[in-house]
Structures are given as structure tokens and as C-alpha cells.
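Grab a pencil and take your time with the exercises below. Try each task on your own before you read its solution.

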Amino acid sequence: MKHKIAPSLLAADFLNLQKEVEMINNSEADWLHMDIMDGVFVPNISFGFPVLDAVKPILKKPMDVHLMIVEPQKFVKEVAEAGAYMMNVHYEACTHLHRTIGAIKEAGMKAGVTLNPHTPISLLEDIIQDLDMVLLMSVNPGFGGQRFIEHSVNKTARLKEMIRAKGLDTLIEVDGGVNLETGKRLLEAGADVLVAGSFVFSSPDPIRTIKELKEM
Ligand code: DX5
Ligand code: ZN
């Protein structure tokens, strides 16, 4: 299966959101990645449901929602109503992860679990069979434009091996510091979906940059 590219709206020009979403629609991007931050789980605040609701009617690609918030289980209904295809919750934010994954699926969404850079993949041993995707953070969540954490390549390869050994088809998404160089190595290690924020939106020709990421 060809890998997917999910540009992150966090790096977009918020004064021209409609234009940015139309750019995504006209590009080879597979999904649009949306980063929600609460200033508690991560040391930053981004945007919330009003922005997702505004984007929903014009977006022609599936919405990949990454919740960097405490108690994400409280917002399953809101995320579903905002039109999310995939809802990603952080492992570190969920005490009753199995229940939360069930609620996400019951609401009609695909379920993803996100791991911070320090969180070992071994913690997924008894939940991975219930997941549609694992989102590996390759930076500490909270900000765009950070430096890629090198260990993420090895972590991706080990997660791929865990998924293969269990005979599952769980997707691996990697988020943070992705460009053509780190992206290529992540794909070789087994990543299925790459998130790219600043590399896409800060480039002079984002449509072309997305195409280059697709063609890696
Ligand atoms: C970081 C977010 C990322 C961010 C990635 O907390 O989860 O999705 O937008 O940005 P870049 O690609 O610039 O590292
Ligand atoms: Zn993200």
C-alpha cells in the first residue's frame, strides 16, 4: 500500500484558512491532520471545535484529529460531530483506554492511540489489536517546527515488527519534524502515514511539496 501524507493545519496561515483548505483539497494529500491542544496536557493551546466545524463543510479529505488534551474521552461526541475520520488520543492521557477506544468506534470513527517520544511501544501489547492506528510522536507534542527525534526511526521499525508478528493491519503514523529526509527513513522503517506541518506550509509551493512527500 502506498503511504499516506497528512499535512498538519497547525502550520497553516490562520488568516486564510479557506485558501489553505482548498490547497489541501487540490493537492495529493490523503488526510488533513488537526492538532487540538489544551494548555494542560501540552504547554501550548492551538484551536478547538469551532475551527474543525468551520473546516468540515469545505474539506474534501478525511480529517485526522490529534487530541493533545487531558480527558479526551469527554469529547468523543464533539470530535465525531466535527466530522473526524480518525480520532487519536494520547496513551498518557487515558486511564481507561480500552473503554475510550470502544467509545470512539461506537461513534463511527477510526481509533488511534498516540505515544509520546518516551512512551514505550510495549505498553500497546494488550490494546493494539483494537486499534486502527498508532501515532508515534517524533517530537515532544505542543509545537510545530521542532527538531526530529532520531530514535523514532528505530521505534517505528520495532512497532512494525510487533504489528507483523501479531498478524494485524494497524497503521503507523509518525508526527513531528517530517521532511523528505526523515520521511524517507520513516517509510523504510515501516511508517504508513506521515504528518508534515512546517515542511509543507512553510514551503514556497505546498502542493508541490506534498507531491514530493507522496512520491518518496
Ligand atoms: C506537534 C503536532 C504536530 C505538528 C507537526 O505537537 O502534533 O502535528 O503540527 O509539525 P512539524 O511537521 O512542523 O513538526
Ligand atoms: Zn499532530
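The exercises that follow work through a predicted model.

**Exercise 1. The zinc site**

Task: Find which residues are the protein donors of the zinc ion (ligand 2), and name the geometry of the site.

Solution:
- Step 1. Start at the metal and look for its protein donors. They are His33 (NE2), Asp35 (OD), His66 (ND1) and Asp175 (OD), and they lie 2.0 to 2.3 Å from the zinc ion.
- Step 2. Turn to the angles. The site has six donor atoms, with angles of 70 to 169 degrees among them, and is octahedral.
- Step 3. Write down the spacing of the donors along the chain. The pattern reads H-x1-D-x30-H-x108-D.
- Step 4. Place two of the donors in their strands. Histidine 33 belongs to strand S2 (residues 32–37) and aspartate 175 to strand S7 (residues 171–175); with their positions 142 residues apart, the pair links distant parts of the chain.
- Step 5. Decide whether these two are buried or exposed. The cut-off for buried is under 20% relative accessible area. Histidine 33 has 0% relative accessibility, so it counts as buried. Aspartate 175 has a relative accessible area of 8%, so it is buried as well.

**Exercise 2. Around ligand 1**

Task: Which residues come nearest to ligand 1, and which atoms of the protein lie at short listed distances from its oxygen atoms?

Solution:
- Step 1. Collect the surroundings. There are 20 residues around ligand 1, and Gly142, Gly145, Asp175, Gly197 and Ser198 come nearest.
- Step 2. Check the side chains. Serine 198 has a polar side-chain atom 2.5 Å from an oxygen atom of ligand 1, and for a polar side-chain atom of histidine 33 the distance to an oxygen atom of the ligand is 3.4 Å.
- Step 3. Check the backbone. In glycine 145, a backbone N or O atom lies 2.8 Å from an oxygen atom of ligand 1.
- Step 4. Link back to Exercise 1. Histidine 33 is also a donor of the zinc ion.

**Exercise 3. Strand S8 and its partners**

Task: Work out with which strands S8 pairs and where its side chains point.

Solution:
- Step 1. Recall the general pattern: in a regular strand, side chains alternate between the two faces of the sheet.
- Step 2. Apply the pattern to strand S8 (residues 193–196). Val193 and Val195 point one way, Leu194 and Ala196 point the other way, and all are buried.
- Step 3. Look at one partner. Strand S1 (residues 4–7) pairs with S8 in the parallel sense over four bridges, and isoleucine 5 has leucine 194 as its bridge partner.
- Step 4. Look at another partner. S7 and S8 are parallel too, with three bridges, and here aspartate 175 is matched with valine 195.
- Step 5. Follow the chain between S7 and S8. Together with helix H6 (residues 180–189), these strands make a right-handed β-α-β unit.

**Exercise 4. Aspartate 192**

Task: Where is the place of aspartate 192, and what does its side chain reach?

Solution:
- Step 1. Locate the residue. Aspartate 192 is in the loop between H6 and S8.
- Step 2. Judge its accessibility. The relative accessible area of aspartate 192 is 12%, so it is buried.
- Step 3. List its contacts. Its side chain makes a polar contact with the side chain of lysine 160 at 3.4 Å and reaches the backbone nitrogen of isoleucine 172 at 2.8 Å.

**Exercise 5. Strand S5 and its neighbours**

Task: Explain why strand S5 (residues 110–115) is largely enclosed, and find its pairing strands.

Solution:
- Step 1. Use the burial of its residues. Five of the six residues of S5 are buried, so the rest of the structure largely encloses the strand.
- Step 2. Take one side. Strand S4 (residues 84–90) pairs with S5 in the parallel sense over five bridges, where asparagine 88 has glycine 112 as bridge partner.
- Step 3. Trace the connection. From S4 the chain crosses through helix H4 (residues 97–106) to S5, and this β-α-β crossover is right-handed.
- Step 4. Add strand S6 (residues 133–137). S5 and S6 pair in the parallel sense over four bridges, and glycine 112 stands opposite methionine 133.

**Exercise 6. An unusual phi**

Task: What is the sign of phi at glutamate 71, negative or positive?

Solution:
- Step 1. Recall the usual case: most residues other than glycine have a negative phi.
- Step 2. Compare. Glutamate 71 is not a glycine, yet its phi is positive, about 50 degrees.
- Step 3. Describe its setting. Glutamate 71 lies in the loop between strand S3 (63–68) and helix H3 (76–81), and it is partly exposed, with a relative accessible area of 38%.

Methods:
Residues are numbered from 1 along each chain as its sequence is written. Chains are lettered from A and ligands numbered from 1 in the order in which they are written. This is a predicted model: local features need pLDDT of at least 70, side-chain atom pairs count only at pLDDT 80 or more; totals for chains, interfaces and linings use all residues. Side-chain values use heavy atoms; hydrogens and water are left out. Donors are N, O and S atoms within 2.8 Å of the metal (3.2 Å for Na, K and Ca); water is not among the atoms, so sites may look incomplete. Four donors count as tetrahedral if all angles lie between 85 and 135 degrees; four count as square planar and six as octahedral if opposite donors are over 155 degrees apart and all others between 65 and 115; anything else is irregular. Helices (H or I, at least four residues) and strands (E, at least two) are DSSP runs, numbered from the N terminus. Buried means under 20% relative accessible area, exposed over 50%, partly exposed in between (1.4 Å probe, protein chains only). Two strands pair if DSSP finds at least two bridges between them. A crossover is right-handed if, with the strands pointing away from the viewer, the path from the first strand over the helix to the second runs clockwise. A residue is near a molecule or strand if one of its heavy atoms lies within 4 Å of it. A polar contact is a pair of N or O atoms within 3.5 Å; within protein, one must be able to donate a hydrogen and the other to accept it, and residues adjacent in sequence count only if both atoms are side-chain atoms.
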